[in-house]
Amino acid sequence: MLHLNITSNPAGSILVIYTGGTLGMVYDRSADPAKTGQLLPFDFSQVIEKVPEIGRLDFDVSLITLEHIIDSSDVKPAVWARLAQVIEVHYDQFDSFVILHGTDTMAYTASALSFMLTNLGKPVILTGAQLPIGVARTDARENLLTALEIAADRQDGRPAVPEVCIYFNSLLLRGNRAKKRESVHFNAFHSENYPHLAMAGVRIEYNRPFIARQDMALPFSISTAVDDNVTILKLFPGITPAVVNAVLAIPGLRGVVLETFGAGNVPTDTWLADALRTAIASGIVIINVSQCEGGRVTQGQYQTSTRLQQIGVVSGADMTTEAAITKLMVLLGQELDTTAIARQLAQSMRGEMSS
């Protein structure tokens with residue numbers, strides 16, 4: 001563990017967990033013309049050289065780097081489990097946690113951690129960058145510094161934001177409500193179905209009615225068992241029985257996130273309902289989420305979704321696909337029966353869906 005900043009009278013302590021991603025990259029300056037312009041990970045222990053402002057913070061900041069630095073495209077459930085374990089080991093030692101993560105799968109990791117961390121009473125804030133930390137116009141410095149400030153902030157002696165969040169480009173979002181929407185602009189994340197938790201300008205303004213409030217007396221614990229025998233089936237006009245049946249026949253499949261049209265609607269073809277009914281009867285759990293980023297699934301509102309409700313498809317309400325797939329994986333990992341899994345899928349566990 002590297003101590004980046006130790007103050008004489010700290011207002012708190014933060015553990016930064018570095019996983020990889022653009023934020024921790026620099027451009028290759030080697031003499032090889034073929035490599036010029038490539039992004040390479042730099043020694044993150046030198047972050048204080050890139051962000052000297054960390055040295056002026058009034059709280060202690062320490063750094064842990066995961067054993068293997070990876071691009072976020074390579075993040076798998078084992079990485080989620082490792083992050084949960086790091087937080088558990090250091091939970092009593094630090095007041096809050098900041099995870100530096102690549103942007104491509106950040107919403108998946110934030111969603112997964114929200115379900116894996118039970119009775120979380122401290123901030124866990126994920127952040128990253130669209131440009132490397134060594135670039136003049138980088139967004140990395142602001143994202144990192146503000147994430148640290150929010151993580152350290154306390155209101156009435158309690159953490160200001162005791163939940164898993166994403167901070168990016170002035171907005172703090174609930175982690176399991178966020179989606180990545182941009183690959184080229186700095187406003188990479190948004191939360192269409194839930195208000196932002198804070199906005200950072202000259203001051204950090206918190207949207208307090210929408211921030212989770214935890215019972216600090218409950219014991220913190222983690223659940224790292226995850227079953228990845230799941231898939232996402234996105235419907236489209238003209239989808240054929242061969243496509244649907246091939247997906248539902250995947251060996252060992254236990255769960256499906258069904259991305260439907262609008263308010264949860266599907267084609268009225270008899271073969272589709274029959275295929276879904278057969279899958280559910282075989283023990284596969286199916287949850288219905290909308291392809292629309294805004295709005296919600298309302299099974300039964302239209303005739304085309306009524307049949308889904310009748311055959312046992314679970315309504316995902318206004319959950320994101322990222323939240324639905326990670327929630328499904330975590331619940332399946334608990335080895336509950338399908339009835340219990342379906343019941344918990346339909347209920348909010350960590351504020352990931354509206355009632």
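**Cores, sheets and helices in a predicted model**

Me: What makes helix α3 a neighbour of the sheet strands?

Reply: In this predicted model, helix α3 (residues 106-116) lies across β6, β8 and β11 (164-168). The helix runs at about 155° to β11.

Me: Why does Thr105 count as buried or exposed?

Reply: Buried means under 20% relative accessible area. Thr105 has 16% relative accessibility, so Thr105 counts as buried. Thr105 lies in the loop between β6 and α3, and touches Ser72, Ser73 and Val75, not counting residues up to four places away in sequence.

Me: How do you know that β6 and β8 pair?

Reply: Two strands pair if DSSP finds at least two bridges between them. Strand β6 (residues 96-100) and strand β8 (residues 124-127) are joined by 4 bridges and run parallel, so the pair meets the cut-off. Val98 stands opposite Ile125 in β8.

Me: What makes β1 and β16 the edges of their sheet?

Reply: The sheet is open, with 9 strands in the order β1-β5-β2-β6-β8-β11-β12-β15-β16 and mixed pairing. β1 (2-5) and β16 (204-206) each have a single partner strand, so one side of each is left without a neighbour in the sheet. From one strand to the next, the twist averages 25°.

Me: Why are β18 and β21 called edges?

Reply: An open sheet of 4 strands has the order β18-β19-β20-β21, and its pairing is parallel. β18 (230-234) and β21 (314-315) have a single partner strand each, so each has one side without a neighbour in the sheet.

Me: How do you know that β20 and β21 pair?

Reply: They share 2 bridges in the parallel sense. The cut-off is at least two bridges, so β20 and β21 count as paired. Asn288 stands opposite Ser315 in β21.

Me: How do you know what span to expect of helix α6?

Reply: The expected span is 1.5 Å times one less than the number of residues. Helix α6 (residues 270-281) has 12 residues, and 16 Å is expected. From first C-alpha to last, α6 reaches 16 Å, close to that expectation.

Me: What puts the buried residues of α6 on the same side?

Reply: The buried residues of α6 are Leu272, Ala273, Ala275, Leu276 and Ala279. They cover an arc of only 160° around the axis, which puts them on the same side of α6. The face turned away from the buried side carries the exposed residues Thr278 and Ala281. The cover over the buried residues includes α5 (241-248), β19 (255-260), β20 (285-290) and α7 (303-311). After α6 comes Gly283, with a positive phi near 105°.

Me: How do you know what span to expect of helix α4?

Reply: Helix α4 (residues 140-152) has 13 residues, and the expectation at 1.5 Å a residue is 18 Å. The helix reaches 18 Å from its first C-alpha to its last, close to that value. Its buried residues include Asn143, Leu144, Leu145 and Thr146.

Me: Why is a set of residues called a nonpolar core?

Reply: The residues must be buried, of nonpolar core types such as Ile and Leu, and joined through side-chain atoms within 4.5 Å. The largest such core has 56 residues, and Ile87 and Leu117 have the most contacts inside it. Helix α8 (residues 321-333) gives the most to this core, with 8 residues. Another core, of 35 residues, lies apart from it, with Phe59, Leu145, Leu172 and Ala200 among its members.

Me: What is Ile87 in contact with?

Reply: Leaving aside neighbours within four places in sequence, Ile87 is in contact with Ile17, Phe97, Ile99, Leu117, Val124 and Phe220.

Note on methods:
Residues numbered from 1 in each chain as written. Predicted model: local features only at pLDDT ≥ 70, side-chain atom pairs only at ≥ 80, totals over all residues. Heavy atoms only, no water. Buried < 20%, exposed > 50% of the residue type's maximum accessible area, 1.4 Å probe, protein only. Contact = heavy atoms within 4.5 Å. Arc of directions from axis to C-beta. Axes fitted to C-alpha atoms, helices over the stretch in contact; angles between N-to-C directions.
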